[in-house]
Amino acid sequence: MRRAEEFEDLRPLLFSIAYRILGSVSEAEDAVQETWLRYETSPTRPASTKAFLSAVVTRISIDVLRSARVRREEYIGPWFPEPLLTDPYQDPERSAELADSLSMAALLLLERLSPLERAVFVLREVFAFGFPEIATAVGRSEAACRQLAVRARRHMDAGRPRFEADRRERAELAERFLDAFREGDLDRLRELLAADAHLVGDGGGKAPQWAGGVVGAENVARLLAAVVPSFIRIGGVVEPHQVNGRPGAILRDRDGGVLNTLTLDILDGRIQTIRAVNNPDKLGHLGPVADAWAVLRETQRVGRDTN
């Protein structure tokens with residue numbers, strides 16, 4: 001098989017590794033492209049193409065993450081991963097690990113780890129690489145990688161919720177919530193939100209967002225009931241969609257431009273957290289991006305006229 005064909009066969013895996021390390025679609029795509037350039041110009045053929053390319057994309061991703069962390073410390077407001085609609089890598093034997101590791105909540109937990117811990121955790125716990133391969137990928141001894149894996153797993157387990165709804169329950173609750181969301185049904189929204197529900201957005205200073213977020217079922221329900229029906233009246237669309245492996249939606253303006261994505265964290269039969277990615281820099285891979293400020297102004301004007 002030619003190098004290009006080998007690489008294309010492994011591209012979904014390489015992207016999935018890079019995305020989980022970086023939390024960025026654009027940076028993951030760049031890391032995969034850089035991996036190809038290095039493979040294309042390598043004078044030797046590796047014994048295992050999968051091991052070689054996985055090691056290269058991991059090293060590139062670690063370097064990118066180290067520099068990205070400085071930018072994230074200076075980021076305006078909460079930082080969320082770039083939304084991913086579909087994971088290109090599928091493995092039935094690892095489907096549960098792949099889905100869990102893709103969620104916004106899991107990726108935000110991974111942000112707490114050092115770049116090395118994050119890479120080791122992703123390779124070991126998500127993709128089931130052996131420690132010899134991991135050691136080669138991150139440039140550490142097997143013993144050191146085992147210690148990194150233990151520390152990473154401890155941090156991740158400490159941050160995870162104790163009980164989560166199964167996939168069907170999540171889907172049913174999300175459908176009911178999005179129906180109430182579109183209709184601005186205050187009573188149903190209250191019923192579906194957890195008492196301490198949290199609505200928070202990542203606008204990066206480039207789009208409307210709620211400073212510090214909105215906390216509490218009553219506050220979140222009242223905000224949504226006041227704003228969303230006016231958005232629908234001006235032609236806005238709430239498009240249900242899996243986002244990062246969890247129920248959510250893409251909000252579009254009347255022309256189909258992407259305004260933001262929503263992801264729903266569901267626990268104990270209630271919506272616990274609604275995360276909105278509003279930063280236009282994080283939405284371009286989903287299609288043309290709408291002018292969120294213009295949509296907000298029109299929504300508010302229609303809301304005032306209605307009241």
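This is a tour of one predicted model, stop by stop, with what to select at each.

Residues are numbered from 1 along each chain as its sequence is written, and side-chain values use heavy atoms, with hydrogens and water left out. Because the model is predicted, local features need pLDDT of at least 70 and side-chain atom pairs count only at pLDDT 80 or more, while totals for chains, interfaces and linings use all residues.

**Helix α1**

Select residues 3-22, helix α1. Helices (H or I, at least four residues) and strands (E, at least two) are DSSP runs, numbered from the N terminus. Centre on Leu-10: a kink of about 50° lies there, shortly before the proline Pro-12. The bend at a residue is the angle between axes fitted to the seven residues ending there and the seven starting there. Colour α1 by burial next: 14 of its 20 residues are buried, so the helix is largely enclosed by the rest of the structure. Buried means under 20% relative accessible area, exposed over 50%, and partly exposed in between (1.4 Å probe, protein chains only). Gly-23 follows α1 and has a positive phi, near 70°.

**The largest nonpolar core**

Keep α1 on screen and show Ile-17, Tyr-19, Phe-127 and Val-138, which have the most contacts inside the largest nonpolar core, a set of 50 residues. Such a core consists of buried Ala, Val, Leu, Ile, Met, Phe, Trp, Tyr and Cys residues joined through side-chain atoms within 4.5 Å. At least two residues of this core come from each of α1, α2 (25-41), α3 (49-73), α4 (95-102), α5, α6 (115-126), α7 (131-138) and α8. The largest share, ten residues, is from α1.

**Strands β3 to β6**

Select 237-243 (β3) and 246-252 (β4), an antiparallel pair with seven bridges. Two strands pair if DSSP finds at least two bridges between them. Val-237 is opposite Arg-252 of β4. Two residues separate the strands of this hairpin, where Asn-244 has a positive phi near 55°.

Add β5, residues 258-267, in which ten of ten residues are buried. β4 and β5 are antiparallel and share five bridges, with Ala-249 facing Leu-262 of β5. Their hairpin has five residues between the strands, and Gly-256 in the turn shows a positive phi of about 90°.

Then add β6, residues 270-277, which is joined to β5 by seven bridges and runs antiparallel to it. Asp-265 has Thr-273 in β6 as its bridge partner. In this hairpin two residues lie between the strands, and Asp-268 takes a positive phi near 55°.

**The two largest pockets**

Show Trp-210, Val-227, Phe-231, Leu-296 and Thr-299, which lie nearest the centre of the largest pocket among its 30 lining residues. On a 1 Å grid over the protein atoms alone, a pocket is an open set of points where a 1.4 Å probe fits, with protein on both sides within 12 Å along at least five of seven lines; lining residues have an atom within 4 Å of a point. The volume of the largest pocket is about 670 Å³. Among the elements in its lining, α11 gives the most, with ten residues.

Finally, move to Ala-105, Gly-159, Pro-161, Glu-164 and Asp-265, nearest the centre of the second largest pocket, which 22 residues line. α5 (104-110), α8 (142-159), β5 and β6 each give two or more residues to that lining.

Notes:
Grid points are joined across faces, edges and corners, and a volume is the space filled by probe spheres set on the points.
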